[in-house]
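Reader: I have a chain on the screen and would like to go through its contacts with you, one question at a time. Could we start once the structure is up?

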Amino acid sequence: MPRVTITIPEKNPQPYRFQLDREMVRLGRGSSNDIVIDCGSVSVSHAEMRRIDGGYELRDLDSTNGIKLDGERMPVIALRSGLSVKLGDVAFDFQLSDEEHEVLGREKPAEPSPVSREPEQAPEKPVQERRREIKNHGGSGFGSILWFLILAATAFCIGMAVRFGNETGGSWINAVKIRFFEAPAGPNGKD
């Protein structure tokens, strides 16, 4: 039976054994896991060990602190006998007996995983959704500018009316009406 030894810092190592035909072993802090790891650096559902042709692999389940091989965080690690991996701050040691190694060796050999983590990118939005966002943002921007201009013009007019009233004692609005909207009378009262 393959052996996994979990070593939480400053605690005794805990060995676990399971049958070679076991397809999956879940590891994490939550009580629903096959191997419960009581350590704050381990997520509730941290990783799973899966049986593949020729061996096993350890998969990160989007945990907070990840799985690391030689200090490098990886999404998937191909396990081989004698390998030591970190789940958060916890050591995960994988060991196969000679017989298990021979059985797995007769299967398709496990190849090192060429998987590398790409930088996280938000999925691209459909063209119509992007146009709708631009239209919505553009409309609200234009509305804000228009509102600001109306307020500025109103403030300007009020300021002019107050200043005109203080200087002449008359109404600025009446002066504007007379100057621009009423036709001046000629010398005979006609144009």
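Reader: Which residue lies over the face of Tyr56?

Author: The model is a predicted one, and the ring concerned belongs to a residue in strand β6, which spans residues 55-60. A charge counts as sitting over a ring if CZ of Arg is within 6 Å of the ring centre, and here the distance is 5.5 Å. The residue over the face of Tyr56 is Arg51.

Reader: Is Tyr56 buried or exposed?

Author: The limit for a buried residue is a relative accessible area under 20%. Because Tyr56 has a relative accessibility of 1%, this residue counts as buried.

Reader: How many residues apart in sequence are the parts that the pair of Phe18 and Tyr56 ties together?

Author: A search of the whole structure finds two aromatic pairs, and Phe18 with Tyr56 forms one that is edge-to-face, with 5.8 Å from centre to centre and 80° between the planes. Phe18 lies in the loop between β2 and β3, whereas Tyr56 lies in strand β6, so the parts tied together are 38 residues apart.

Reader: Which residue joins Phe18 and Tyr56 in a cluster linked by ring pairs?

Author: Phe18 is itself buried, with a relative accessible area of 6%. Ring pairs link Phe18 and Tyr56 into a cluster with one further residue, Phe94.

Reader: Which residue in β5 stands opposite Leu27?

Author: Strand β3, residues 24-28, pairs with β5, residues 47-52, in the antiparallel sense over four bridges, while two bridges join β3 to β4 in parallel. In β4, Leu27 stands opposite Ile35; in β5, the residue opposite Leu27 is Ala47.

Terms used:
Residues numbered from 1 in each chain as written. Predicted model: local features only at pLDDT ≥ 70, side-chain atom pairs only at ≥ 80, totals over all residues. Heavy atoms only, no water. Pairing = 2+ DSSP bridges. Phe/Tyr/Trp six-rings, centres within 6.5 Å; stacked < 30°, edge-to-face > 60°. Buried < 20%, exposed > 50% of the residue type's maximum accessible area, 1.4 Å probe, protein only. Lys NZ or Arg CZ within 6 Å of the ring centre and 35° of its normal.
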